[in-house]
Amino acid sequence: MPGPIGTLQGAQHTKIFGLGAYRPKRVVPNSEIIDAIESSDEWIQTRSGIKSRRFAGDDETIIGMSVEASRKAIEASGVRPDQIGGVIVSTSSRLVLGPAAGAQVATQLGILDVPGFDVSAGCSGFCHILALGSDMIRAGTAEYMLVVGVERLSDLLDPKDRTTAFIFADGAGAAVIGPSDTEGIGPVAWGSDGSQWEAIWQDKDFGTYFDEVAAAEASGGTSVRPYIRMRGTAVFRWAATFLEKACREAVANAGLTMEDLDVFIPHQANIRITDALTKVLKMPERIVVAKDIIETGNTSAASIPLAIEEVIRSGQAKPGDVALIMGFGAGLAYAGQVVTLPPIGE
């Protein structure tokens, strides 16, 4: 009889070695949004906190933005591409079903013959793949992993929709994670409520869209692409119910208290949600709270790494600080953990 199946030995602890961000070149102020939704700059800022956002140009693709953010993360990490054992990309706005972006990103970075795959988990996507990558390292599946959150949500925006046109935006953030002598990525707190999938959703599937395109071509008319839709009140109510528990769970999983934190980096969904969370969690006033949404908008899976980059680049926080990160949104789903902030790439 053959012996027992062998297993791998992984790292006991993990951390983020380096982080990189890519922000599209085009800055879109509220003044470019307000006419189509019959609104005002004041209304948008009061409702969301957003003053501007970035929209990707034709040359700023999901793959391209991911590669640029990843190059910066790899440079900041000091890890060689040939040491990276896998690439995970989280996105909800890549308008093809395959092949996976992860494999293409890996190849363009010179990370060869490794698993490259995608995860769709909405706005909590980056925290999901951070947990997956970290667990792969702990299991011995890889020594280092590259995880990327990236979106081109402008492709899915109805410019006349008052609930979404001013909220969502584009960008990419990437992180290299690997083994550590001390813990730098705490246990994840995550969950979902699929009964509320229509709180944030794509209003038609691609099969329906393609049928409409064919009908429009046959009749000489025009078809309307799928758009992202949102019931903001339902999302806000869910966030108020679930996220306090999720944040407290993530901190408790790390064996810490709110007093031990230096930084709070929630998903940049809405500044009112951020303010409400900070208040209900009774965080000390000294804690830095990320508010990247003001200049960047809601970039879904890219939101957390972009916000990390902004608080470090601006000098509000520094590598080595202890941060609670918490993503939440479409699904409805959430995921978050306590991390040690990494160096960032320029």
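This report describes selected regions and residues of a predicted model.

## Two annotated domains

UniProt, in an unreviewed entry, lists residues 117-194 as "domain: Beta-ketoacyl-[acyl-carrier-protein] synthase III N-terminal". In the model this span is 19% helix and 35% strand. The C-alpha atoms at the ends of residues 117-194 are 23 Å apart.

The record also lists residues 252-340, as "domain: Beta-ketoacyl-[acyl-carrier-protein] synthase III C-terminal", again from an unreviewed entry. Here the chain is 30% helix and 25% strand. The end C-alpha atoms of residues 252-340 lie 15 Å apart.

## Asparagine 30 in its loop

N30 is found in the loop that runs between strand β2 (26-29) and helix α1 (41-48). Although N30 sits in a loop, the residue is buried, with a relative accessible area of 0%. Its side chain makes a polar contact with the backbone: the side chain of N30 reaches the backbone oxygen of I50 at 2.8 Å.

Leaving out residues up to four places away in sequence, N30 touches D41, I44, Q45, I50, K51, S52 and R53. I50 therefore appears both as a residue touched by N30 and as the owner of the backbone oxygen that the N30 side chain reaches, under the definition of a polar contact as N or O atoms within 3.5 Å.

## Helix α7 and its surroundings

Helix α7 covers residues 271-280, and its buried residues are I271, I273, T274 and L277. These residues lie on the same side of α7, because they cover an arc of only 155° around the axis. The buried residues of α7 pack against helices α1, α6 (232-253) and α8 (293-296). They also pack against strands β11 (263-266), β12 (288-289) and β13 (322-329).

Both ends of the helix have a local feature. At the start of α7, a side-chain oxygen of N270 comes to within 2.7 Å of the backbone nitrogen of R272. Just after α7, K282 has a positive phi of about 55°.

## Phenylalanine 328 in strand β13

One residue of strand β13 is F328. F328 is buried, at a relative accessible area of 3%. Apart from neighbours within four places in sequence, F328 is in contact with C123, S124, W238, L243, P266, H267, A269, I273, A333 and Y334. Among these contacts is I273, which is one of the buried residues of α7.

F328 can also be placed relative to S70. The two residues are 258 positions apart in sequence, and their C-alpha atoms are 23 Å apart in space.

## Cysteines without disulfides

The model has zero disulfides. The sulfur of C127 has its closest cysteine sulfur in C247, and at 10 Å the two are too far apart for a bond. C247 is likewise in no disulfide, with the sulfur of C127 as the nearest cysteine sulfur, 10 Å away.

Both cysteines are buried: C127 has a relative accessible area of 1%, and C247 has a relative accessibility of 0%.

## Salt bridges

Side chains of opposite charge can pair when their charged atoms come close. The count for this model is 18 salt bridges. One of them joins R26 and E32, whose closest N and O atoms are 2.9 Å apart. R26 is partly exposed at 44% relative accessibility, and E32 is partly exposed at 47%.

Another salt bridge links R152 with D155, the closest N and O atoms being 2.8 Å apart. R152 counts as buried at 12% relative accessibility, as does D155 at 17%. K204 and E212 form a further salt bridge, with 2.7 Å between the closest N and O atoms. In this pair K204 is buried at 16% relative accessibility, whereas E212 is partly exposed at 32%.

Salt bridges also join residues into a network, which links R23, D292, E309 and R313.

Notes:
Residues numbered from 1 in each chain as written. Predicted model: local features only at pLDDT ≥ 70, side-chain atom pairs only at ≥ 80, totals over all residues. Heavy atoms only, no water. Helix = DSSP H or I, 4+ residues; strand = E, 2+ residues; numbered from the N terminus. Buried < 20%, exposed > 50% of the residue type's maximum accessible area, 1.4 Å probe, protein only. Polar contact = N/O pair within 3.5 Å; in protein donor to acceptor, adjacent residues only side chain to side chain. Contact = heavy atoms within 4.5 Å. Disulfide = S-S within 2.5 Å. UniProt positions renumbered as here; feature names shortened; annotations may be inferred. Arc of directions from axis to C-beta. Salt bridge = Lys/Arg side-chain N within 4 Å of Asp/Glu carboxyl O.
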